[in-house]
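Notebook open, structure loaded. I want to go through the strands, then the core, then a few side chains.

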Amino acid sequence: GMNFLDSQWAGTAEVEGVPIITSSTQQPDASAPLTVGIRPEYLQVHATPGPNRVPAIVTATQDQGTQLMVQLRIGKRTAWSRIRNTREPVGTGPAFAYLPPEKCALYADDRRVA
């Protein structure tokens, strides 16, 4: 399923205080509850900060043969990353969740913002 991360609006979407560029081009109704949505196959796990990278904690990994499922805690939410053909092991602990701008979208009141 889709990962939904709590977001605020400050001229751009922010997740855990980090500005996030999304594929959404319209400004949301700031009074509506906001989230950023991204599918597990697009959420990437990195060791270093950078643009569109949100602080996270890797809480578990599941090797499924052809893919590695990585469970992350981002703020109060749990998110999943599906990594295929990984050559680098992913361990538990601090990390950064990268949300590629073209692969994530802003949702206001559970409706995608165009």
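**Strand 9 and its partners.** I started with strands 6 and 9, which pair antiparallel over 6 bridges. Here Val58 stands opposite Gly93 of strand 9. A note to self before going on: this is a predicted model.

On to strand 5, which pairs with strand 9 over 3 bridges, again in the antiparallel sense. I looked up two positions there. His46 faces Phe96 in strand 9, and Val45 has Ala97 of strand 9 as its bridge partner.

How many residues of strand 9 are buried? I get 5 of the 6, so strand 9 is largely enclosed by the rest of the structure.

**The sheet around it.** Which order do the strands take in this open sheet? The 5 strands run 5-9-6-7-8, with antiparallel pairing. Strand 5 (44-46) and strand 8 stand at the edges with a single partner strand each, so one side of each has no neighbour in the sheet. I also checked the turn between neighbouring strands here: it averages 45°, direction ignored.

**The other sheet.** There is an open sheet of 6 strands too, in the order 3-2-1-4-10-11, and the pairing is antiparallel. Its edge strands are strand 3 and strand 11 (111-112), each pairing on one side only. I picked strands 4 and 10 for a look inside: they pair antiparallel over 5 bridges. Val36 has Leu106 in strand 10 as its bridge partner.

**Core.** Next I pulled up the largest nonpolar core, which has 26 residues. Which members touch the most others? They are Val15, Ile20, Val36, Val54, Leu72, Ile74 and Leu99. The elements giving two or more residues to this core include strand 2 (13-15), strand 3 (18-20), strand 4 (34-38) and strand 6 (53-63). Strand 7 (67-74), strand 8 (77-84), strand 9 (93-98) and strand 10 (104-108) are also among them. The largest share comes from strand 7, with 4 residues. For the margin: in soluble globular proteins, nonpolar side chains tend to be buried together.

I then followed Ile74 and left aside its neighbours within four places in sequence. Its contacts are Leu5, Val15, Glu16, Val54, Pro55, Ala56, Ala79 and Ala97.

**Leu68.** I stayed on strand 7 for Leu68, which is found there. Is Leu68 buried or exposed? With 11% relative accessibility, under the 20% cut-off, Leu68 counts as buried. Leu68 and Arg82 are 14 residues apart in sequence, while their C-alpha atoms are 5.9 Å apart in space.

**Rings.** My search for aromatic pairs gave 1. It is Phe4 with Tyr107: the ring centres are 5.2 Å apart and the planes stand at 85°, so I logged the pair as edge-to-face. The pair links distant parts of the chain, with Phe4 in strand 1 (residues 3-9) and Tyr107 in strand 10, 103 residues apart.

I checked accessibility for both rings. Phe4 is partly exposed at 31% relative accessibility, whereas Tyr107 is buried at 11%.

Last item: which ring does the charged end of Arg53 sit over? It is the ring of Tyr98, and the charged end is 5.8 Å from the ring centre.

How values were computed. Residues are numbered from 1 along each chain as its sequence is written. This is a predicted model: local features need pLDDT of at least 70, side-chain atom pairs count only at pLDDT 80 or more; totals for chains, interfaces and linings use all residues. Side-chain values use heavy atoms; hydrogens and water are left out. A nonpolar core is a set of buried Ala, Val, Leu, Ile, Met, Phe, Trp, Tyr and Cys residues joined through side-chain atoms within 4.5 Å. Buried means under 20% relative accessible area, exposed over 50%, partly exposed in between (1.4 Å probe, protein chains only). Contact means heavy atoms within 4.5 Å. Rings of Phe, Tyr and Trp (its six-membered ring) pair if their centres lie within 6.5 Å; planes under 30 degrees apart count as stacked, over 60 as edge-to-face and the rest as tilted. A charge sits over a ring if NZ of Lys or CZ of Arg is within 6 Å of the ring centre and within 35 degrees of the ring normal. Two strands pair if DSSP finds at least two bridges between them. Axes are lines fitted to C-alpha atoms, for helices over the stretch in contact, and angles run from 0 to 180 degrees between N-to-C directions.
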